[in-house]
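These entries record what I looked up in one protein model. I kept to strand pairing, disulfides, aromatic contacts and pockets.

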Amino acid sequence: MIRVLGTVAVCGIVMLGMSSPAVATRPKAPKAQLKVGIAVKGGSPTTVRLQCGPAGGTHPDARAACQLLEKVDGHPERLNVSPDAACTRELQPQAVAISGRWDGKKVRWGKVFDNACLVKAATGEVFTL
């Protein structure tokens, strides 16, 4: 009888150690949640949402945009994707803006470029909307 109780007790302890209840974990918040916009003089502004870590949102190329922003640790003012780009002197001003949060820090930046080529050269896919 004692031997049976000992075996049951050992089995119970082993079973408790092996089967732990499922612990609900909260999904990790994205690294970045940003609003990205561009306005061309004489045109309508375009705005999209960009989420990074994982890449997503309504941005047409979220993965590429996130990769570029990752390289500058979420500081869009540091972007300089193609510094040697040969852009024309065409004057069609384009205002770009980005705001939101990157890794828990506030992001708010905007700049006016003379044309689309200069926007692309500086920011790559971030403002290709």
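**Entry 1. Strand pairing**

How many bridges join strand 1 to strand 4, and do they run parallel or antiparallel? I noted beforehand that the model is predicted. I found nine bridges between strand 1 and strand 4, and the two run antiparallel. Within this pairing I located Ile 38, which stands opposite Val 96 in strand 4.

I then turned to the pairing of strand 1, residues 32-40, with strand 2. Seven bridges join these two, and they too are antiparallel. Here Ala 32 faces Cys 52 of strand 2. I followed the chain from strand 1 into strand 2 and recorded a hairpin with five residues between the strands. In its turn, Gly 42 has a positive phi of about 85°.

**Entry 2. The disulfide at Cys 52**

Cys 52 led me to the disulfides, of which the structure holds two. Cys 52 is joined to Cys 66, with an S to S distance of 2.0 Å. I placed Cys 52 in strand 2 (residues 46-52) and Cys 66 in helix 2 (residues 62-71), so the bond links distant parts of the chain, 14 residues apart.

Is this disulfide left-handed or right-handed? I read a torsion of about -90° about the S-S bond of Cys 52 and Cys 66, and the disulfide is therefore left-handed.

I also checked how far each half is covered. Cys 52 has a relative accessible area of 2% and is buried. Cys 66, at 7% relative accessibility, also counts as buried, because the cut-off is under 20%.

**Entry 3. The second disulfide**

Cys 87 and Cys 117 form a disulfide, with 2.0 Å between their sulfur atoms. This pair likewise links distant parts of the chain, 30 residues apart. I found Cys 87 in the loop between helix 2 and strand 4 (94-102), and Cys 117 in helix 3. The torsion about their S-S bond is about -75°, so this disulfide is left-handed.

Are Cys 87 and Cys 117 buried or partly exposed? I recorded a relative accessible area of 23% for Cys 87, which makes it partly exposed. Cys 117 is partly exposed as well, at 31% relative accessibility. With the bonded cysteines counted along the chain, the pattern is 1-2, 3-4.

**Entry 4. The aromatic pair**

I searched for aromatic pairs and found one. Trp 109 and Phe 127 form it, with 6.2 Å centre to centre and 45° between the planes, and the pair is tilted. What does this pair tie together? I placed Trp 109 in strand 5 (residues 105-113) and Phe 127 in the segment after helix 3 (116-123), so the pair ties together parts that are 18 residues apart in sequence. Both Trp 109 and Phe 127 are buried.

**Entry 5. The largest pocket**

Trp 109 appeared again when I listed the lining of the largest pocket. The space in this pocket is about 160 Å³. Its lining includes Asp 73, Gly 74, His 75, Pro 76 and Glu 77, and also Trp 102 and Asp 103. Lys 105, Lys 106, Val 107 and Arg 108 are further lining residues.

Which element gives the most to this lining? I found that strand 5 does, with five residues. By class, I counted six charged, four nonpolar and two polar residues in the lining.

How values were computed
Residues numbered from 1 in each chain as written. Predicted model: local features only at pLDDT ≥ 70, side-chain atom pairs only at ≥ 80, totals over all residues. Heavy atoms only, no water. Phe/Tyr/Trp six-rings, centres within 6.5 Å; stacked < 30°, edge-to-face > 60°. Helix = DSSP H or I, 4+ residues; strand = E, 2+ residues; numbered from the N terminus. Buried < 20%, exposed > 50% of the residue type's maximum accessible area, 1.4 Å probe, protein only. 1 Å grid on protein atoms, 1.4 Å probe; cavity = no way out; pocket = protein on both sides within 12 Å on 5 of 7 lines; lining within 4 Å. Points joined across faces, edges and corners; volume = space filled by probe spheres on them. Nonpolar A, V, L, I, M, F, W, Y, C, P; charged D, E, K, R; others polar. Disulfide = S-S within 2.5 Å. Pairing = 2+ DSSP bridges.
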